[in-house]
Each structure stands twice: as structure tokens, then as C-alpha cells.
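Let's take a walk through a protein chain together. Have a look at the picture, and then we'll start with one residue and its surroundings.

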Amino acid sequence: MKKKVKKIKIKLNGKIKLIPEKIKMSDLIKRFKIPINKVAIELNHEIIDKKNINKINIKKNDTLEIVHFIGGG
Amino acid sequence: MGVKLKKDKLIIANQKFDSRLIVGTGKYKNMSECAKAVKLSGANIVTVAVRRVNISDKKKPLLMDYIDPKKITYLPNTAGCFNSEEALRTLRLARDIGGWNLVKLEVLGDKKNLFPDMIETIKSTEVLANEGFKIMVYCTDDPLMAKRLENSGASAIMPLAAPIGSGLGIQNKINIKIIRDQTKLPLIIDAGLGQASDAVIAMELGCDGVLVNTAIAKAKKPYEMALAFKNGVIAGRQSYLAGRINRTLSGGPSSPFEGII
């Protein structure tokens with residue numbers, strides 16, 4: 001039987017999300033279908049270099065903000 | 001034969017633009033209406049806001065799919081920021097999206113009239129200039145504050161004509177003229193315009209450009225108004241460059257008296 005993956009709680013764009021533990025930032029990006037070239041990402045209030053997304057591990061209680069451009073004056 | 005006008009470009013932080021009209025991309029019914037209005041306006045620069053990606057609705061259309069940032073310069077703004085910290089955070093993120101250094105700073109201080117908080121604005125300008133940003137700054141029409149902004153490292157001064165979205169037109173022409181005469185920086189009227197003639201007036205006062213959003217997006221016919229503003233900016237600029245006649249209180253006939261019957 002497949003071992004049940006433990007989940008961790010993170011805050012993504014203001015919302016609590018449960019994601020599998022030991023997930024990388026790049027997996028998270030894929031999971032939420034984020035167009036990486038059109039966004040900026042803040043991890044715990046620090047902008048991350050998008051080149052490093054497969055080196056960054058998501059940890060319990062991390063706060064992520066993913067932003068993009070929308071219409072504005 | 002038509003009159004050949006000299007190549008007259010808008011230059012901001014060493015970047016050259018053909019159009020002196022900058023348009024906002026907010027308040028449209030949908031993205032395609034926005035994209036068409038932008039195209040008709042002839043604008044080379046559009047302002048955009050930085051907001052959270054909608055993670056629950058992945059099919060939501062993206063602005064970049066409608067307006068190509070390789071063809072039109074995106075000017076990220078800090079709309080909705082009420083202090084320096086929020087504004088800096090927003091623009092640092094904006095720069096990271098696509099390497100934009102040219103940004104619009106707007107730090108609001110008053111929720112009712114959306115007037116800029118000039119103390120926070122000047123503070124933010126200094127920090128951003130030190131970080132290599134080229135900052136176009138939304139500001140009050142106070143010549144002293146405009147001077148301070150210039151000294152803080154702004155790349156363009158953008159005083160309001162009237163409150164954002166009010167459509168009232170330029171309320172203080174004298175201040176705009178004073179700011180024009182004291183600065184060599186690009187001077188762009190940002191906010192408060194209501195119709196194309198307001199853009200003509202701004203350009204005739206010697207402004208380098210105008211930034212318009214609501215007046216186009218919320219016009220009964222946005223496409224027609226986009227064109228009207230395009231033409232208004234061109235007419236106003238040409239009128240300014242042509243040099244108007246002096247004002248006199250007495251009349252002067254346009255036809256000669258000589259040879260009168």
C-alpha cells in the first residue's frame with residue numbers, strides 16, 4: 001500500500017493551503033499552474049530569484065505571495 | 001503639400017516614445033475592450049497594477065495575453081498603496097516580474113479624494129532612485145513639492161489635474177505652468193481629466209504628456225474617446241510648439257482696409 005503523504009499548512013496569497021510536505025517551489029508552481037514568466041514570488045516577505053525555484057523547499061507555515069500585472073490606472 | 005513636423009518624441013529616463021499619451025488599463029468592461037482602446041489611443045506606455053494571482057481560477061485571462069509587453073511599455077504602478085513600505089514592496093515585486101525599471105509611484109494619503117501623501121512619496125522616491133528605479137511620480141500640483149521630488153531623483157513629475165477619476169479637468173493651470181517653467185524633467189498630467197479638450201489644455205501649457213484612464217474607460221464610447229484623446233494630445237502639442245498669438249483686449253481686423261469700396 002502507498003504510504004500516505006504528510007501534508008503541511010502554508011499561506012498562499014492570503015489563503016491557507018494544505019500541500020504535501022517536502023515539496024519544492026517549482027512543484028508548487030506546477031501544482032497551481034502559475035505562469036512563472038509572468039509573476040513575481042515573495043517567500044516570507046522576501047522576493048525569490050525565479051531561477052532558483054527548484055532549489056527552494058517549502059516549509060510548514062511559509063507565507064507565499066505570487067503577484068502579476070492586472071489592469072490599473 | 002503637408003507640413004513636415006520635426007520628430008518630436010517624449011523622452012523619459014533616456015527612453016524615447018512616439019506618443020505623448022499614456023493610458024491606464026483599469027476600469028474597462030473586459031480585457032479585449034481595454035486592448036482595443038489602448039491600440040486606438042496610439043499609446044506606447046500603459047499603466048498596470050500589481051495584484052495577487054488568482055490561484056483558484058486558473059483560466060482567468062491575463063493582461064499580458066491581451067497587451068504584449070514587448071510592443072507596449074508596461075508602467076507598473078503602486079495604486080492602492082497608502083505608505084512608503086507598501087509602495088516599495090509593490091515596485092520591487094513589479095521589477096521582478098519582468099525586469100521593469102521604469103515605474104509609476106503613487107502613495108495615497110487620503111481615501112476620499114485620493115490625494116497623494118507627498119511626505120511618503122518623497123521618502124519612497126529617494127529609496128527607489130537609490131535602487132536604480134526610474135520613477136515617474138504622481139504628485140500634488142504644488143511647485144515646491146515638485147521641486148523636492150526632482151531633487152529626490154524622480155524621472156518624471158506627474159501632478160494631478162484634479163482628483164483621480166473625477167473628470168474635472170485641470171483645476172490649477174497657474175501651478176502647472178509654474179512647475180513647467182521650473183523643471184526640465186518630463187511633466188505629465190496624471191489624473192482628473194474628463195475629455196479630450198482637457199488634454200489639449202495640458203499640452204498647450206507645455207506639459208510633455210498626459211496620463212488618462214477613467215476618461216477613456218468610462219466614456220459612453222471608449223474607442224471613440226481613445227481616438228479623441230490621441231488627437232487632443234497631438235493638437236495640443238502642435239499648438240504649443242507653434243506658439244500662440246499674444247492676447248489683446250482690442251480687436252484687429254483680419255482683412256486689410258486698403259482698397260475698401
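## One residue and its company

Not counting neighbours within four places in sequence, B:Ile157 is in contact with B:Val137, B:Cys139, B:Ala146, B:Leu149, B:Glu150, B:Ile179, B:Thr183, B:Leu185 and B:Leu187. Contact here means that the C-beta atoms, placed from the backbone, lie within 7 Å.

B:Ile157 is also among the residues that touch the most other members of the largest nonpolar core, which has 87 residues. Such a core is a set of buried Ala, Val, Leu, Ile, Met, Phe, Trp, Tyr and Cys residues joined through C-beta atoms within 7 Å. Buried means that 20 or more other C-beta atoms lie within 10 Å of a residue's own. Of the 261 residues in chain B, 44% are buried.

## Where the model comes from

This is a predicted model: local features need pLDDT of at least 70 and side-chain atom pairs pLDDT 80 or more, while totals for chains, interfaces and linings use all residues. Residues are numbered from 1 along each chain as its sequence is written, and chains are lettered from A and ligands numbered from 1 in the order in which they are written.

## The sheet

In chain B, three strands (DSSP E runs of at least two residues, numbered from the N terminus) make an open, parallel sheet in the order S6-S7-S8. Strands S6 (102-105) and S8 (156-159) of chain B each have a single partner strand, so one side of each has no neighbour in the sheet.

Pairing takes at least two DSSP bridges; S7 (residues 134-139) and S8 of chain B have four. In one of them, B:Met136 partners B:Ala156.

Conventions:
Buried ≥ 20, exposed ≤ 12 C-beta atoms within 10 Å, placed from the backbone. Contact = placed C-beta atoms within 7 Å.
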